[in-house]
Amino acid sequence: LVFCTCSAAADGRLEALGFETAVFDEAAQAGELATLVPLQHGARRVVLVGDPQQLPATVLSLEAKRLGLGRSLFERLQRSAHPVTMLQTQFRMHPAIRAFPSRHFYEGKLRDAEPVALLASRSPGAEGGSPAFLAVARPDRRLAPYIFFNLRGSRQQQAGGSHSLYNKCEAAFCAQLLAALRLSAERWGQGAGSSSRPLSPS
């Protein structure tokens with residue numbers, strides 16, 4: 001077994017080995033030309049594992065994209081009606097979180113593994129998998145698996161001499177929300193060992 005990136009497969013030391021099978025993980029994110037590099041070693045069976053509904057192939061050249069090279073081999077074969085097997089059972093998300101991508105990106109085909117499905121009956125504020133809401137003024141409310149907040153009127157600003165952006169309104173809201181979450185956890189006896197981690201896309 002040899003584990004490597006697509007570009008590392010160009011290493012001359014692999015030429016003498018030969019491979020029966022080549023398995024590509026995250027194949028939908030690999031550019032088509034990059035995928036061809038490991039195939040030079042004569043694999044007679046190729047398995048592409050990926051999700052074209054997530055991040056696309058990474059191709060920085062605008063000219064390459066114009067010439068149709070901004071897609072993955074996975075996407076090309078799928079669009080050419082090549083047989084594709086969809087893995088429908090998910091083990092990671094709460095059912096209420098799974099419902100959104102399943103409905104909007106996967107034609108409602110995603111299903112929950114049994115241990116995950118049990119979360120719907122145990123999670124506070126999400127009876128039947130339907131999202132509830134949290135009001136900062138009512139921190140005693142139990143929380144749903146996911147909640148969207150629309151902060152109308154908030155604006156991003158750029159610090160002088162920097163490319164970084166910040167939003168004072170969102171920062172203040174997040175501080176209030178974290179305080180409410182901690183108070184809610186304490187009231188429901190979940191203070192010990194519980195933690196909150198605000199995340200921001202970079």
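Let's start in helix H4, where Pro95, Ala96, Arg98, Pro101 and Ser102 are buried. Keep in mind as you look around that this is a predicted model.

Ser102 is a good residue to pause on. It lies in H4, the helix that spans residues 95–105. Its relative accessible area is 3%, so Ser102 counts as buried, the cut-off being under 20%. What does Ser102 touch, leaving aside residues up to four places away in sequence? The partners are Glu107, Gly108, Lys109 and Leu110. One of these partners, Glu107, sits just after H4 and takes a positive phi of about 55°.

Now for some aromatic rings. The protein has two aromatic pairs. One of them is formed by Phe100 and Phe105, whose ring centres are 6.4 Å apart. Are these two rings stacked or edge-to-face? They are edge-to-face, with 75° between the planes, and over 60 degrees is what that label asks for. How much of each residue is left open is a separate matter. Phe100 has a relative accessible area of 33%, so it is partly exposed. Phe105 comes out at 42%, and therefore it counts as partly exposed too.

Next, go back towards the N terminus and find strand S1, residues 21–24. S1 runs parallel to strand S2, residues 45–48, and four bridges join the two. If you want a landmark, Thr21 stands opposite Arg45 in S2. How does the chain get from S1 to S2? It passes through helix H1, residues 32–39, and the resulting β-α-β crossover is right-handed.

Take a closer look at S1 itself. Its covered face holds Ala22 and Phe24, while Thr21 and Val23 make up the uncovered one. That every-other-residue pattern is easy to follow, because in a regular strand the side chains alternate between the two faces of the sheet.

A little further along the chain is helix H2, residues 62–66, and Arg66 has its place there. Is Arg66 buried or exposed? With a relative accessible area of 60%, Arg66 is exposed, because the cut-off for that word is over 50%. The side chain of Arg66 also has a partner: a polar contact of 2.6 Å joins it to the side chain of Glu63. As for helices in general, an α-helix has 3.6 residues a turn, so residues three or four places apart point the same way.

Finally, step back and take in the whole protein. It has seven helices and six strands. Reading from the N terminus on, they come in the order β-α-β-α-α-β-α-β-α-α-β-β-α. Of the 202 residues, 22% count as buried. The protein exposes about 14,900 Å², and carbon and sulfur atoms supply 55% of that area. What share of the contacts between residues at least 6 apart in sequence joins residues at least 24 apart? The figure for this protein is 48%.

How values were computed: Residues are numbered from 1 along each chain as its sequence is written. This is a predicted model: local features need pLDDT of at least 70, side-chain atom pairs count only at pLDDT 80 or more; totals for chains, interfaces and linings use all residues. Side-chain values use heavy atoms; hydrogens and water are left out. Two strands pair if DSSP finds at least two bridges between them. A crossover is right-handed if, with the strands pointing away from the viewer, the path from the first strand over the helix to the second runs clockwise. Rings of Phe, Tyr and Trp (its six-membered ring) pair if their centres lie within 6.5 Å; planes under 30 degrees apart count as stacked, over 60 as edge-to-face and the rest as tilted. Buried means under 20% relative accessible area, exposed over 50%, partly exposed in between (1.4 Å probe, protein chains only). A polar contact is a pair of N or O atoms within 3.5 Å; within protein, one must be able to donate a hydrogen and the other to accept it, and residues adjacent in sequence count only if both atoms are side-chain atoms. Contact means heavy atoms within 4.5 Å. Accessible areas come from the Shrake-Rupley method with a 1.4 Å probe; for residues, only the protein chains shown count as cover.
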